[in-house]
Amino acid sequence: MNIGLLLYIPYRDLENRIMAAVTGAGYDVTLAQARVLQRISPDGTRLTELAEAAQVTKQTAGFLVDQLEKLGYVERVPDPTDGRARLVRVTEKARGATPVAEAEIARIEAEWEQHIGKRRMGQLREALEKLGEITDPYR
């Protein structure tokens, strides 16, 4: 298998397990909605920036944000730096899912560390962080 697939398979499992934990805790979000939600900065993000970060069209991002707003997970507020623009911000309701997701991530990482060992898990994290230096456009 190529390295991209080897990276994707564990990520897909992690993402599926996080979504199962979050929805199991009563947060009614889809995977597409969650991918947009996790890209909203603490101070809010413009819709065009969200679309770019989520790698979807502006129309798709707008549709997902509309759904999230109806569910009470985001709100649209004026952008203090540009009165004509609006920011999408996460609500307290959505922030409540963060500890659920973080706890599941901790469980998964502990499981992976148990499987491959503490040293290799540290090396894996270090290597992926190093790769992020040249692959993450939002760093």
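This is a short walk through one predicted model, from the whole chain down to three single residues.

Let's start with the overall layout. The chain holds 7 helices and 2 strands. Read along the sequence, the pattern is α-α-α-α-β-β-α-α-α. So keep that order in mind as we go. The C-alpha trace spans about 50 × 35 × 25 Å along its principal axes.

Now some totals. The chain has 139 residues, and 30% of them are buried. About 9500 Å² of the chain is exposed. Carbon and sulfur atoms supply 55% of that area. On contacts, take the pairs at least 6 apart in sequence. Of these, 46% join residues at least 24 apart. On charge, there are 20 positive and 21 negative. The mean positions of the two sets are 2 Å apart.

What does the record say? An unreviewed UniProt entry places the feature "domain: HTH marR-type" at residues 1–133. In the model, that span is 68% helix and 11% strand. Its end C-alpha atoms lie 24 Å apart.

Next, the strands. S1 covers residues 74–79, and S2 covers residues 82–90. They pair in the antiparallel sense, over 6 bridges. How many residues sit between S1 and S2 in the hairpin? There are 2. Two of the bridge partners are worth pointing out on screen. Val-74 has Val-90 as its partner in S2. Val-77 is bridged to Leu-87, again in S2.

Hold on to Leu-87, please. Asp-43 is our first single residue. Asp-43 lies in the loop between helix H2, residues 31–37, and H3. Which residues does Asp-43 touch, leaving aside neighbours within four places in sequence? The contacts are Leu-87 and Arg-89. Leu-87 is also the bridge partner of Val-77, and S2 runs over residues 82–90. So the loop residue Asp-43 makes its contacts in strand S2. The C-alpha of Asp-43 is 8.8 Å from that of Val-88, and these two residues are 45 apart along the chain. Is Asp-43 buried or exposed? Its relative accessible area is 63%, over the 50% cut-off, so Asp-43 counts as exposed.

Second residue: Gln-55. Helix H3 is 47–54 and helix H4 is 58–71, and Gln-55 is found in the loop between them. Check the backbone here. Most residues other than glycine have a negative phi. Gln-55 has a positive phi, near 60°, and is not a glycine. As for the surface, Gln-55 is exposed, with a relative accessible area of 74%.

Third residue: Trp-112. This one is in helix H6, residues 98–116. Why does Trp-112 count as partly exposed? Its relative accessibility is 23%, and buried would need under 20%, so Trp-112 falls in the class between buried and exposed. What does Trp-112 touch, beyond neighbours within four places in sequence? The list is Pro-10, Leu-14, Gly-117 and Met-121. Look at Pro-10 in that list. Trp-112 and Pro-10 are 102 residues apart along the chain, yet their C-alpha atoms are separated by 9.6 Å.

To wrap up. We have a predicted chain with 7 helices and 2 strands. The strands form a hairpin, and Asp-43 contacts Leu-87 and Arg-89. Gln-55 carries the positive phi. Trp-112 in H6 is in contact with residues including Pro-10 and Leu-14.

Definitions and conventions
Residues are numbered from 1 along each chain as its sequence is written. This is a predicted model: local features need pLDDT of at least 70, side-chain atom pairs count only at pLDDT 80 or more; totals for chains, interfaces and linings use all residues. Side-chain values use heavy atoms; hydrogens and water are left out. Two strands pair if DSSP finds at least two bridges between them. Helices (H or I, at least four residues) and strands (E, at least two) are DSSP runs, numbered from the N terminus. Buried means under 20% relative accessible area, exposed over 50%, partly exposed in between (1.4 Å probe, protein chains only). Contact means heavy atoms within 4.5 Å. Accessible areas come from the Shrake-Rupley method with a 1.4 Å probe; for residues, only the protein chains shown count as cover. Lys and Arg count as positive and Asp and Glu as negative; His and the chain ends are not counted. The place of a charge is taken as NZ of Lys, CZ of Arg, CG of Asp or CD of Glu. UniProt positions are given in the numbering used here, feature names are shortened, and annotations may be inferred rather than shown by experiment.
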